[in-house]
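The following exercises are to be worked with the sequence and the three-dimensional structure at hand. Each task is followed by a solution in steps.

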Amino acid sequence: MQDEADFRRKRRIVLIVGAAVLFAFFAWLFDMLVQPAPPRSVAMSTGPADSAYHLFAQQYRAHLARYGVDLVLQPSSGSVENLERLRSRRDGVQAALVQGGLATAAEAPGIMTLGSLFYEPVWLFSREQQALQQVSDLRGKRIAVGAPGSGVRALALRLLKANGIDERNAQLEPSGGLDAAKKLEAGALDIAVFVSAPEAPAVQRLLRAKEIRLTGAARADAYVRQLPFLQKLVLPAGVLDLAQNVPARDQVLVAATANLLAADDLHPVIVDLLLEAARSVHGAGTVLNAPGEFPALRDREFPASSDAERIYHGEYSFLRKYVPFWLAIWVQRFAFFAIPVIAIGIPLVRYVPALYQWGARRRIYRWYGELKFLELALRRETGDLARHRERLNEIEDRVNALSVPLAYSGEYYTLRTHIGLVRALLDSRLAHQQNGQRA
């Protein structure tokens, strides 16, 4: 009885260990083959609260909120700080709006581009009495070049330096956005440089302000040749306001592109939603570009996200078109997991009956070895017959206590018959021994 209890305990241990191993295997398989569920919250570094970046990011946030994803906007001083936050993952930032031309993948590894979103012209505003023909005329002026950490400042200083202007021959003010626009209107500045979309509040304000004039890029072709991340654009007269004829004449501008950058481990579903939001916000076109021109994979300073490339090629998920967003995500994850599990599981299931039969028969057949040993000893007349009888009684007791499935009753009773045969042989040897002792 004790042996049978030990056997049952061992069998339970084997079953538990086997189940644990199987669970661990499928958990590992799930982890290897299936992406984790998309996060419910994603942090994006935007820009100053009065910038076009922040304005557009608020529209992205509204779009993602419809799918239950909270896009947490983190205002900053501008593109330089956005890029640094994304590079270091500071404050959990996983996406950022960044002006082109600030860095490359070698300088900021671990970042991928989801595409360019819109043009950011270089706007050069001056007091109306300032007679400016080109950037080199800015010597000796009070110039707002953007706040520290902004992409405006980085590009403005680069363009000024190319024209021989720096702190030694001009007064460069660390001011940008609406603050710079107000100072220019008040006469506290002579020049204000902005690098932004036309929708930026400061640009809109100065384009309509009295006594403020916009100076175009007289040598746009030269800038584009020397700084390949720039593009030459023409802002037609009246395109911003036909009634007031804003601007008053055609203006040739140079422009960078605003890019949507992300951490290279950003979940593919979030990539999908961000690009969907970008198309909704920027796809209709502006005064600077035709409908459908943005977003696009133009700026190649950073490697393109493979998920973004798939979307640009029109390879949308079939489920996303016909079922609710989160249901599509879970169905897709389950399908990725279920297919390999089924492929592996079906062949394994075929072996379950064989394993069951082996387990049931093993409980019966394991005693045949002991019976064979006793039979051979009896036939050779070796060993202590009394000890053999004790062992045979023990085997018989344990076999009688066995609980076997009904389908294996034949094997079970065959075993008991064999025990009877060995007992008959043992009794014969005992009788022969006793007769010998009497004689």
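Is Arg391 buried, partly exposed or exposed, judged by its relative accessibility?

Solution. Buried means under 20% relative accessible area, exposed over 50%, and partly exposed in between, with a 1.4 Å probe and protein chains only. Arg391 has a relative accessibility of 21% and therefore counts as partly exposed.

Conventions. This is a predicted model, in which local features need pLDDT of at least 70 and side-chain atom pairs count only at pLDDT 80 or more, while totals for chains, interfaces and linings use all residues. Residues are numbered from 1 along each chain as its sequence is written, and side-chain values use heavy atoms, with hydrogens and water left out.

**Exercise 1. Determine the partner of Arg391 and place the pair in the chain.**

Step 1. A salt bridge is a side-chain nitrogen of Lys or Arg within 4 Å of a carboxyl oxygen of Asp or Glu. Arg391 meets Glu370 in such a bridge, at 2.4 Å from N to O.

Step 2. Glu370 belongs to helix H13 (residues 368–379) and Arg391 to helix H14, so the pair links distant parts of the chain, 21 residues apart. Helices (H or I, at least four residues) and strands (E, at least two) are DSSP runs, numbered from the N terminus.

Step 3. Glu370 is partly exposed, with a relative accessible area of 29%.

Step 4. Within H13, Arg379 and Glu375 lie four residues apart, about one turn of the helix. Their side chains form a salt bridge at 3.1 Å, N to O. Arg379 is exposed at 51% relative accessible area, whereas Glu375 is partly exposed at 23%.

Step 5. Glu370, Arg391, Glu394 and Arg398 are joined into one network by salt bridges that share partners.

**Exercise 2. Describe the geometry and burial of helix H14.**

Step 1. Helix H14 comprises 16 residues (385–400). The expected span is 1.5 Å times one less than the number of residues. For H14 this gives 22 Å, and the end C-alpha atoms are 22 Å apart, which agrees.

Step 2. Leu385, His388, Leu392, Ile395, Arg398 and Val399 are the buried residues of H14. Viewed down the helix axis, they fall within an arc of 145°, so they line one face of H14; the arc is that of the directions from the helix axis to the C-beta atoms.

Step 3. The general rule is that an α-helix has 3.6 residues a turn, so residues three or four places apart point the same way.

Step 4. At the N-terminal end, H14 is capped by Asp384, of which a side-chain oxygen lies 3.0 Å from the backbone nitrogen of Ala386.

**Exercise 3. Locate the salt bridge of Arg142 and compare the burial of its two residues.**

Step 1. The structure has 20 salt bridges by the rule stated in Exercise 1. In one of them Arg142 pairs with Asp190, the closest N and O atoms being 3.0 Å apart.

Step 2. Arg142 lies in strand S5 (residues 142–144) and Asp190 in the loop between helix H5 (177–186) and strand S7 (191–195), so the pair ties together parts 48 residues apart in sequence.

Step 3. Arg142 is partly exposed, with a relative accessible area of 28%, while Asp190 is buried at 11%.

**Exercise 4. Assign the neighbours of strand S1.**

Step 1. Two strands pair if DSSP finds at least two bridges between them. S1 is joined to strand S2 (residues 70–74) by five bridges, and the two run parallel. S1 also pairs in the parallel sense with strand S3 (residues 93–99), over three bridges.

Step 2. Ala43 has Val72 as its bridge partner in S2 and Val93 as its partner in S3.

Step 3. Four of the five residues of S1 (residues 41–45) are buried, so the strand is largely enclosed by the rest of the structure.

**Exercise 5. Carry out the corresponding assignment for strand S4.**

Step 1. S4 pairs in the antiparallel sense with strand S10 (residues 251–263) over nine bridges, with S7 over five, and with strand S8 (residues 212–215) over four.

Step 2. Tyr119 stands opposite Thr257 in S10, Val122 has Val195 as its bridge partner in S7, and Phe125 stands opposite Leu214 in S8.

Step 3. In S4 (residues 111–127), 17 of the 17 residues are buried, so the strand is largely enclosed by the rest of the structure.

How values were computed:
A polar contact is a pair of N or O atoms within 3.5 Å; within protein, one must be able to donate a hydrogen and the other to accept it, and residues adjacent in sequence count only if both atoms are side-chain atoms.
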